[in-house]
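Subject: Structure for your review

Dear colleague,

Please find below the structure that I am handing over to you. I would ask you to look at it first and then to read the notes that follow.

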Amino acid sequence: MSKLFVIISAIFVGNLVFLSTTILKNSVQDPWEVPAKYQKLENPFASDADAENIGKTLYNKHCKSCHGSEGKGDGPKAEGLDTPTGDFTEASFKEQTDGALYYKTIFGRDDMPSFETKITEEKDRWLLINYLKRL
Ligand code: HEC
């Protein structure tokens, strides 16, 4: 086997690996496992009317830039991300427990930031979750 052939094959295989991982990364997201403790976490503010619109205010401040004003995932920052943000208006999103949404919102993963130190009040966190479910 000539050296040139080996080099060309190596470049070809390298490109294939690069391409397929890029495609996979953009199309299939690993399921986001939520620990049982959070899955079943009770929302103590589920029936709070949020007269001061705290949920909406927090959403516009921290989430809209990626998730979009209506939660469809079309915020101005979404394009630059490696992973799709999901669509909060879909039934599959609303079917999740409040605790699961709390877990994902507070701890994040990859492109989804953690809000553990940015949104610290329990009540604020749950009013934000309530708002996500109304989008
Ligand atoms: C920098 C962009 C960015 C910001 C800002 C952001 N998110 Fe996300 N969010 C993402 C991405 C990307 C995902 C998908 C993550 C994944 O699946 O790995 C995501 C996923 C989620 C999910 C899970 C969606 C699902 O379908 O299960 C929730 C819930 C969520 N975000 C809530 C929020 C909330 C609430 C805020 C504001 C406090 C926020 N996000 C701010 C990028 C962002």
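**The ligand and its surroundings**

Of the 24 residues around the ligand, C63, C66, H67, R109 and M112 come nearest. Please bear in mind throughout that this is a predicted model.

The ligand occupies the largest pocket. Helices α4, α6 and α7 are the elements that each give two or more residues to the shell around the ligand. The greatest share comes from α4, which gives three residues.

Several polar side chains approach the ligand. In the side chain of K104, an N or O atom is 2.8 Å from an oxygen atom of the ligand. For R109, a polar side-chain atom lies 2.5 Å from a ligand oxygen atom. The side chain of H67 has an N or O atom 2.8 Å from a nitrogen atom of the ligand.

**The iron site**

Which residues coordinate the iron atom of the ligand? They are H67, through its atom NE2, and M112, through its atom SD, at 2.0 to 2.1 Å. The iron atom has six donor atoms, and the angles among them run from 87 to 179°, so the site is octahedral: six donors count as octahedral if opposite donors are over 155 degrees apart and all others between 65 and 115.

It is worth locating the two residues along the chain. H67 lies in helix α4 (residues 64-67), while M112 is in the loop between α6 (98-107) and α7 (122-134), so the pair ties together parts that are 45 residues apart in sequence.

Are these two residues buried or exposed? H67 has a relative accessibility of 10% and therefore counts as buried, since buried means under 20%. M112, with a relative accessible area of 21%, is partly exposed.

**The chain as a whole**

How many helices and strands does the chain have? There are seven helices and zero strands. Read from the N terminus, the order of elements is accordingly α-α-α-α-α-α-α. The chain has 135 residues, of which 29% count as buried.

**A buried arginine in α7**

R125 is found in helix α7. Its relative accessibility is 10%, so R125 counts as buried. Which partners does the side chain of R125 have? One is Y102, whose side chain is joined to that of R125 by a polar contact of 2.9 Å. Another is the backbone oxygen of I119, which lies 2.7 Å from a polar atom of the R125 side chain.

**Two residues with positive phi**

Two further residues deserve your attention for their backbone angles. N53 has a phi near 55°, a positive value in a residue other than glycine. N53 is placed in the loop between α2 (36-39) and α3 (54-62). With 40% relative accessibility, N53 counts as partly exposed.

The other residue is D110, where phi is near 45°, again positive in a residue other than glycine. D110 belongs to the loop between α6 and α7, which is also the loop that holds M112. At 67% relative accessibility, D110 counts as exposed, because exposed means over 50%.

**Where to begin**

When you open the model, I suggest that you start at the iron atom and its two protein partners, H67 and M112. From there, you may turn to R125 in helix α7, and then to the loops that hold N53 and D110.

With kind regards

How values were computed: Residues are numbered from 1 along each chain as its sequence is written. This is a predicted model: local features need pLDDT of at least 70, side-chain atom pairs count only at pLDDT 80 or more; totals for chains, interfaces and linings use all residues. Side-chain values use heavy atoms; hydrogens and water are left out. Donors are N, O and S atoms within 2.8 Å of the metal (3.2 Å for Na, K and Ca); water is not among the atoms, so sites may look incomplete. Four donors count as tetrahedral if all angles lie between 85 and 135 degrees; four count as square planar and six as octahedral if opposite donors are over 155 degrees apart and all others between 65 and 115; anything else is irregular. Helices (H or I, at least four residues) and strands (E, at least two) are DSSP runs, numbered from the N terminus. Buried means under 20% relative accessible area, exposed over 50%, partly exposed in between (1.4 Å probe, protein chains only). A residue is near a molecule or strand if one of its heavy atoms lies within 4 Å of it. A polar contact is a pair of N or O atoms within 3.5 Å; within protein, one must be able to donate a hydrogen and the other to accept it, and residues adjacent in sequence count only if both atoms are side-chain atoms. On a 1 Å grid over the protein atoms alone, a cavity is a set of points where a 1.4 Å probe fits but cannot get out, and a pocket is an open set with protein on both sides within 12 Å along at least five of seven lines; lining residues have an atom within 4 Å of a point. A molecule sits in a cavity or pocket if more than half of its atoms lie within 2 Å of its grid points.
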